[in-house]
Amino acid sequence: MSAINTETLLGQLRWRYATKQFDPGRKIDSPTWAALEEALVLSPSSFGLQRWRFYVITDVATKEKLVPPSWGQRRLVDASHVVVFAVKHPISPADVRRYIERTAEVRGRDAEDLAGFEKVINDFIEDPPGGLDVKAWSSRQVYMALGSFKTSAALPGVDTCPMEGFDPAAYDKALGLEASGFWTVAACPAGYRAEEDKHSALPKVRFEKNEIINYLP
């Protein structure tokens with residue numbers, strides 16, 4: 001499989017920005033969205049647990065429900081798709097077992113051969129090292145998926161805007177997640193920038209490379 005060249009990669013990363021205004025008349029076509037769905041599935045997670053759900057919203061009425069708890073941000077409605085990133089907490093031994101069984105299925109192994117790995121995960125969750133907050137750790141997994149989604153979207157020229165400026169509990173209620181075991185962490189509208197969005201032409205503000213990248217001995 002051929003790799004994307006570095007010029008294309010950097011060009012698309014320089015092109016992308018947190019889109020402030022979407023064109024409501026432009027929709028992401030089915031093949032492109034199918035690829036972005038697969039990109040979500042391929043997102044990395046600690047231990048590979050994938051204790052998340054990605055709720056995709058295209059219905060205008062449902063998107064309208066999310067505007068008030070998003071401090072009135074209309075970009076949710078104008079975007080082609082909205083992805084709500086949610087995570088499960090707490091993670092139970094049954095969740096871990098399901099992942100172990102799925103690993104055995106995909107890799108053609110006996111689940112009992114993975115008992116050692118299963119114990120490592122369960123021990124980590126039940127008695128996290130260094131006083132780690134497992135709920136906060138779980139939410140950080142979502143940001144790994146969010147970053148992967150934004151980068152993946154930029155490559156075929158799809159605009160996105162990561163959002164956490166909203167009331168998560170109100171999102172959970174609007175989307176019927178309250179009894180699901182999953183809670184909202186972030187959202188990301190996706191679509192195409194409006195021509196009148198002045199932010200699309202602004203140069204990126206980044207510190208110089210030698211300020212933020214350090215090579216240690």
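This is a short conversation about reading the pockets, cavity and helix contacts of one predicted model.

Biologist: Before we start, what should I know about the model and its numbering?

Modeller: Residues are numbered from 1 along each chain as its sequence is written, and side-chain values use heavy atoms, with hydrogens and water left out. Since the model is predicted, local features need pLDDT of at least 70 and side-chain atom pairs count only at pLDDT 80 or more, while totals for chains, interfaces and linings use all residues.

Biologist: How many helices and strands does the chain have?

Modeller: Helices (H or I, at least four residues) and strands (E, at least two) are DSSP runs, numbered from the N terminus. Here there are 9 helices and 4 strands. From the N terminus on, they run α-α-β-α-α-β-α-α-α-β-α-β-α. The C-alpha trace spans about 55 × 50 × 35 Å along its principal axes.

Biologist: Now to empty space. How does one find it?

Modeller: Rolling a probe the size of a water molecule over the atoms shows where empty space is left. On a 1 Å grid over the protein atoms alone, a cavity is a set of points where a 1.4 Å probe fits but cannot get out. A pocket is an open set with protein on both sides within 12 Å along at least five of seven lines, and lining residues have an atom within 4 Å of a point. Grid points are joined across faces, edges and corners, and a volume is the space filled by probe spheres set on the points.

Biologist: What is the volume of the largest pocket, and which residues lie nearest its centre?

Modeller: The largest pocket has a volume of about 570 Å³. Its lining has 18 residues, with Val41, Gly48, Gln50, Tyr99 and Arg102 nearest the centre. Helix α5 (93-107) is one of the elements that supply at least two lining residues, together with α2 (30-41) and β1 (52-57). The largest share, 7 residues, comes from α5.

Biologist: How do I read the chemistry of a lining?

Modeller: Sort the residues into classes: Ala, Val, Leu, Ile, Met, Phe, Trp, Tyr, Cys and Pro count as nonpolar, Asp, Glu, Lys and Arg as charged, and the others, Gly among them, as polar. The largest pocket then has 7 nonpolar, 5 polar and 6 charged lining residues. The second largest pocket holds about 290 Å³ of space. Leu10, Leu13, Arg14, Arg16, Lys204 and Arg206 line it, giving 2 nonpolar, no polar and 4 charged residues.

Biologist: And how many cavities of 30 Å³ or more are there?

Modeller: There is 1 cavity of 30 Å³ or more, with about 70 Å³ of space. Its lining includes Ser45, Leu49, Gln50, Trp52 and Trp137. Helix α7 gives the largest share, 3 residues, and the lining divides into 5 nonpolar, 5 polar and 1 charged.

Biologist: Gln50 lines the largest cavity too. Where is Gln50 in the chain?

Modeller: Gln50 sits in the loop between α2 and β1. Its phi is near 55°, a positive value in a residue other than glycine. Another loop, between β2 (81-88) and α5, holds Pro90. The peptide bond from His89 to Pro90 is cis, with omega near 0°.

Biologist: How do I describe two helices packed together?

Modeller: Two packed helices are described by the angle between their axes and the distance between the axes. Axes are lines fitted to C-alpha atoms, for helices over the stretch in contact, and angles run from 0 to 180 degrees between N-to-C directions. The axes of α2 and α7 (residues 134-154) come within 9 Å and cross at roughly 150°. The two helices are therefore roughly antiparallel, a label for angles over 145 degrees. Contact (heavy atoms within 4.5 Å) is made by Trp33, Leu36, Ala39 and Leu40 of α2 and Ser148, Phe149, Ser152 and Ala153 of α7. These residues divide into 6 nonpolar, 2 polar and no charged.

Biologist: At what angle do α5 and α6 cross?

Modeller: The axes of α5 and α6 (residues 115-126) come within 10 Å and cross at roughly 150°. That makes α5 roughly antiparallel to α6. Residues of the contact include Pro93, Val96 and Tyr99 of α5 and Phe117, Ile121 and Ile125 of α6. By class, the contact has 7 nonpolar, 1 polar and 3 charged residues.

Conventions
Parallel < 35°, antiparallel > 145°, perpendicular 65-115°, else oblique.
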